[in-house]
Amino acid sequence: MTDTTTTTPYATAETDRETTDAPFEGVYPAMTTPFTEESAVDHEQLADNARYLERAGVDGVVPVGSTGESATMTHDEHVAVIETVRDALDDIPVIAGTGSNNTAEALSLSERAADAGADGLLLISPYYNRPEPAGFLEHYRTVADAVDLPQIVYNVPSRTGQSIPADVSVELAEHPNIRGYKAASGDLNLISEVIERTRDEEFAVLSGDDGLTLPVLSIGGAGTISVVANVEPERTCAMVGAALSGDYDRARALHHELSPLARELFAETNPIPVKEAMHLRGRGGPRVRPPLSRLSEDRREPLRDLLAAYETARAGNLDLAATGDAE
């Protein structure tokens, strides 16, 4: 298994940092899944995207999560994506999305992901069912007891309809295989409480909301599972590296530099805008599977203009106001 503790080669010498014992730390792009014109998985482009992200210096990748459109993929496609990404990479870990609202299905996907070479698992909380705290605990422990890989609990109530209670997350952190928490609730009070109460565990809290990555890092978060990093991996690594090194002046500058892109990539349902952005950068077509649809035509040109602005300057040196692209 690939070691999940890494040191990102961040984009500036001033923010070099030492490797820590955190189970997950740094930047983990939530990968898109490119499709062919016939809506099949484009494995050649997928592998190329994975290699591009590794060259850009990310700490790991997360395929077949929400951004990877796992909800509209068969289980066989799901496993094949993991295998393609794992085979394409040299040294960084693959954290596979394997969550479900059906515990038996989550367990099966997790076991198959482990067999496919995944180095860790990301498990969205059960959606639609609305479990009680005891149900959450049993769901996650069932997978953690059976699959010996580091696992990340994923709290995203905007998609699941229910937030994981802090007490549940803290109790899960005691399990030796539950090593992280993807925070996508938008609730900094909740995120702060989880960080505060798990400081004595080998447990990493990662931002799952690009607009809140810097605030989460400032209160003790360890990194990010990022949509923006698909498009601007170097800038995202520079921002996270600066924050983890204590250089908050640089981190804030990069946060503000990336904020217009973060807003644009969530102007419509994820991953619709990021697939369009990847298309504009030559990293796969803009196709998404139904019931999602391609980015609205009136948003395509502003996105194109914004991406062009990022290409004109190095990280930390972009004045979006001067380009006319600031909101």
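Okay, before the pockets, one term: a pocket here is an open set of grid points with protein on both sides within 12 Å along at least five of seven lines, and a lining residue has an atom within 4 Å of a point. Also, keep in mind that this is a predicted model.

So, the largest pocket. Its volume comes out at about 540 Å³. Which elements each supply at least two residues of its lining? Those are helix 2, helix 3 and strand 3. Strand 3 gives the most, with 3 residues. In total 28 residues line this pocket, and if you want to find its centre on screen, look for Glu69, Ser70, Ala71, Thr72 and Tyr127, which lie nearest to it. By class, the lining splits into 12 nonpolar, 12 polar and 4 charged residues.

While we're at helix 2, which runs from 75 to 88, have a look at Ala80, which sits in it. Ala80 is partly exposed, at 22% relative accessible area. Ala80 and Val41 are 39 residues apart in sequence, and their C-alphas are 9.1 Å apart in space.

Next, the second largest pocket. That one has a volume of about 320 Å³. It's lined by 23 residues, and nearest its centre you'll find Tyr154, Arg159, Gly208, Phe266 and Asn270. The lining there has 9 nonpolar, 9 polar and 5 charged residues.

Now for something closed off. How many cavities of 30 Å³ or more does a search of the whole structure find? Just 1. Its volume is about 80 Å³. Around it you have Asp210, Gly211, Thr213, Val228, Thr236, Met239, His255, Leu258, Ser259 and Ala262. Helix 9, 233 to 244, and helix 10, 248 to 265, each supply at least two of the lining residues, with helix 10 giving the most, 4 residues. The lining divides into 4 nonpolar, 5 polar and 1 charged.

One of those lining residues is His255, and it's found in helix 10. Is His255 buried or exposed? At 15% relative accessibility it counts as buried, because the cut-off for buried is under 20%. Setting aside residues up to four places away in sequence, His255 touches Gly211, Leu214 and Met239. Gly211 and Met239 are also in the cavity lining.

Let's move over to helix 4, residues 133 to 146. It has 14 residues and spans 20 Å from first C-alpha to last, close to the 20 Å expected. Phe136, Leu137, His139, Tyr140, Val143 and Ala144 are buried. Why do they end up on the same side of helix 4? Because they cover an arc of only 165° around the axis. The general background is that an α-helix has 3.6 residues a turn, so residues three or four places apart point the same way. On the other side of helix 4, Ala134, Glu138 and Asp145 are exposed. And what covers the buried residues? The cover includes helix 3, strand 3, strand 4, helix 6 and strand 5. You've met helix 3 and strand 3 already, in the lining of the largest pocket.

Last stop, Glu276, in helix 11, which covers 272 to 280. This glutamate is buried, with a relative accessible area of 2%. What's it in contact with, leaving aside neighbours within four places in sequence? The partners are Pro286, Arg294, Leu295, Arg300 and Leu303.

That's my tour, happy to go back to any of it.

Terms used: Residues numbered from 1 in each chain as written. Predicted model: local features only at pLDDT ≥ 70, side-chain atom pairs only at ≥ 80, totals over all residues. Heavy atoms only, no water. 1 Å grid on protein atoms, 1.4 Å probe; cavity = no way out; pocket = protein on both sides within 12 Å on 5 of 7 lines; lining within 4 Å. Points joined across faces, edges and corners; volume = space filled by probe spheres on them. Nonpolar A, V, L, I, M, F, W, Y, C, P; charged D, E, K, R; others polar. Expected span 1.5 Å × (residues − 1). Buried < 20%, exposed > 50% of the residue type's maximum accessible area, 1.4 Å probe, protein only. Arc of directions from axis to C-beta. Contact = heavy atoms within 4.5 Å.
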